[in-house]
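Got a model open and wondering what earns a contact its label? Let's go through a few of the calls and the rules behind them.

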Amino acid sequence: MKIVVPLKQVPDLVEDLELNDEGTGLDYEYLKMKLNEWDDHALEEALQIKEGGSAEVIAVAVDGEDVDKMLYTALAKGADKAVKITGANPYADNQELARVLANAISGMGADLVLVGVQSAGDRDGWLAPILATHLNMPTVSVVTGLEVNDGTATVHKEYSGGIMAEFDVALPAVIGVQAARQTPRYAPVSKVRQIQQSASIEEMAAGDVGDVVTSTVEEMRHPEKSGGARILSSVDEIVEVLKEKGVV
Amino acid sequence: MGDILVVAEHLNGALDESTFELIGMANDLGNSVVAFIGGSDDMIGQLGAASKVVRVDAGADFNPETYGAALVAVADHVNPQVVLTSGSSMGMELANMLSAQKSWPLAVAATKVSIDGDVKAESALFGGKIIATTNLGSGPCVVAVVAGSAPADAGRKDGRPAVESVDMPATAGKVTFKKLIMPESADVDITTKDVLVAIGRGIGSKDDIEVAEELAEALDAAVAASRPIIDAGWLPKSRQVGKSGLKVKPKLYIALGISGAPEHLEGMKNSSTIIAINSDKNAPIFDVAHYGMVADLFDVVEELTEALD
Ligand SMILES: Cc1cc2nc3c(=O)[nH]c(=O)nc-3n(C[C@H](O)[C@H](O)[C@H](O)COP(=O)(O)OP(=O)(O)OC[C@H]3O[C@@H](n4cnc5c(N)ncnc54)[C@H](O)[C@@H]3O)c2cc1C
Ligand SMILES: Nc1ncnc2c1ncn2[C@@H]1O[C@H](COP(=O)(O)O)[C@@H](O)[C@H]1O
């Protein structure tokens, strides 16, 4: 079985997010980027399936800053192959990214495409269902439980309040992964370095992306501070509030 | 000006609150409101605030494949200017499939929608740290709206509007609904507690949850948590607050090391009093909190517990 996992870098939300001069997007120049945490879950789930039986896990990413490091880290964690798509916009929104990935993945013979359910900047859609439409594959998102048997994935889709629905999905399929069955593994730097010496990343040209559904970002801004929170500066002040509210 | 098509979301035969929120929001925009329902006919009597309902017999239970195909057929039938779905697990799936299949522009994570020739949506992105205004053109287009972005009462009205039926289109039959799985019963019901001490990733390790438990004990509170704490297996799912967890409305919600991502806020923003302790002064949790302290939670919580004893 072949499992393809698209990986994408997103801004680390702990940092201050600077906007570009036009106020229509982020200024990526000084941003600290990291692997989208839900992509990490998708990769972990793929590796779990591999370790529970047999599967080839292929990590795919659009070329960009630090993408090699991200792909070598995926290899260090246990992916069998890493593919880098060149000549595409690494900061593209999901409608465009889905076109680029569909081009690249359609020839790979994937049985399962595991995608992080969401990424921090999702504005124009979720990658998994859009990608699935372009690949003409069935899809279920917000999945926390996944089991593959004889060409069928049995998945648990989360609703609210802890309620889930179970679906059988005929493979090949695109699944939007919410959480892997265990916390994503960590690859020590030494192992990533070692892989960097021994493995290589395959390159693939993006090719013609075709028609992309677009929408225009007119403005991006930081939320205006509603002046909401009264800032407290000591434990005594918290205790005062608790007394005022009749909690203690 | 075309119609606004609202996806009526339902689970277990009951309409979701978001349906009424969206109908109310759509009516405010001034267009004629058409609701799409894929489930049982029984629910239509609650959709009186819509001017028309289009029903497809897509099965009693949501299935992304059948409901996705049904929505495309309904969109073809109605030819709307805007399609509104909830930003929920079901709604997001439908909004994305419709956008991709019809090549209609889409905005997700929306908290506001306006129409002034062009359709515009405001979305909360990057964990709530950025607000984006998207211009979707004059339509047709699709917007997935975050739950709780509009009052439900405005769109809640009994009465059976005119109903049209659209035939269920053929599908490839690749996705099969099996069953609903209900949550296991919980040791503590966080939705009934007056005070919650909620922890997020800032707590750092499982062992440190003890610090929050001691504070909770001093306040006769329960410990709740954000999603990463549950995904790590540190607390049971019944303690999760947010979009895919529980909605809570305690008298007091103390958020420790929680950034305040929109998915978390969905579950707790209506708490009477919110106190947030976070080391990042820009954490979005401070935008909904009534009281905030920019500090390392470990420098505060133990001292607070002692002060209460
Ligand atoms: C479909 C979907 C559904 C989701 N449903 C939910 C849901 O139901 N509930 C939910 O919570 N999330 C949900 N999420 C996840 C959500 O997007 C966020 O990832 C999550 O809420 C972040 O949790 P957090 O605030 O604990 O972690 P982070 O965002 O990582 O925030 C940690 C915070 O702790 C602060 N911090 C760190 N150390 C300290 C310290 N020592 N002292 C004080 N502060 C510190 C940091 O400054 C930071 O602000 C969902 C996501 C998706 C895609
Ligand atoms: N002291 C901390 N302990 C645990 N998590 C933290 C801490 N400080 C920040 N975090 C959050 O944990 C997230 C994951 O961090 P990392 O594993 O380093 O990528 C970060 O994005 C922070 O929001």
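Q: What makes Lys129(B) and Asp280(B) a salt bridge?
A: The rule asks for a side-chain nitrogen of Lys or Arg within 4 Å of a carboxyl oxygen of Asp or Glu. Here the closest N and O atoms of Lys129(B) and Asp280(B) are 2.9 Å apart, so the pair gets the name. Across the interface of domain 1 and domain 2 of chain B, the rule finds 1 salt bridge.

Before going on: this is a predicted model, where local features need pLDDT of at least 70 and side-chain atom pairs count only at pLDDT 80 or more, while totals for chains, interfaces and linings use all residues. Residues are numbered from 1 along each chain as written, chains are lettered from A and ligands numbered from 1 in written order, and side-chain values use heavy atoms, leaving out hydrogens and water.

Q: How do you know which residues surround ligand 2?
A: A residue is near if one of its heavy atoms lies within 4 Å of the molecule. That picks out Asp12(A), Val14(A), Lys34(A), Arg201(B) and Gly204(B), and ligand 2 lies between chains A and B.

Q: Why does the link between ligand 2 and the side chain of Lys34(A) count as a polar contact?
A: With a ligand, the test is a pair of N or O atoms within 3.5 Å. An oxygen of ligand 2 is 3.0 Å from an N or O atom in the Lys34(A) side chain, so the pair passes. A nitrogen of ligand 2 also sits 3.2 Å from a polar backbone atom of Arg201(B).

Technical notes:
Polar contact = N/O pair within 3.5 Å; in protein donor to acceptor, adjacent residues only side chain to side chain.
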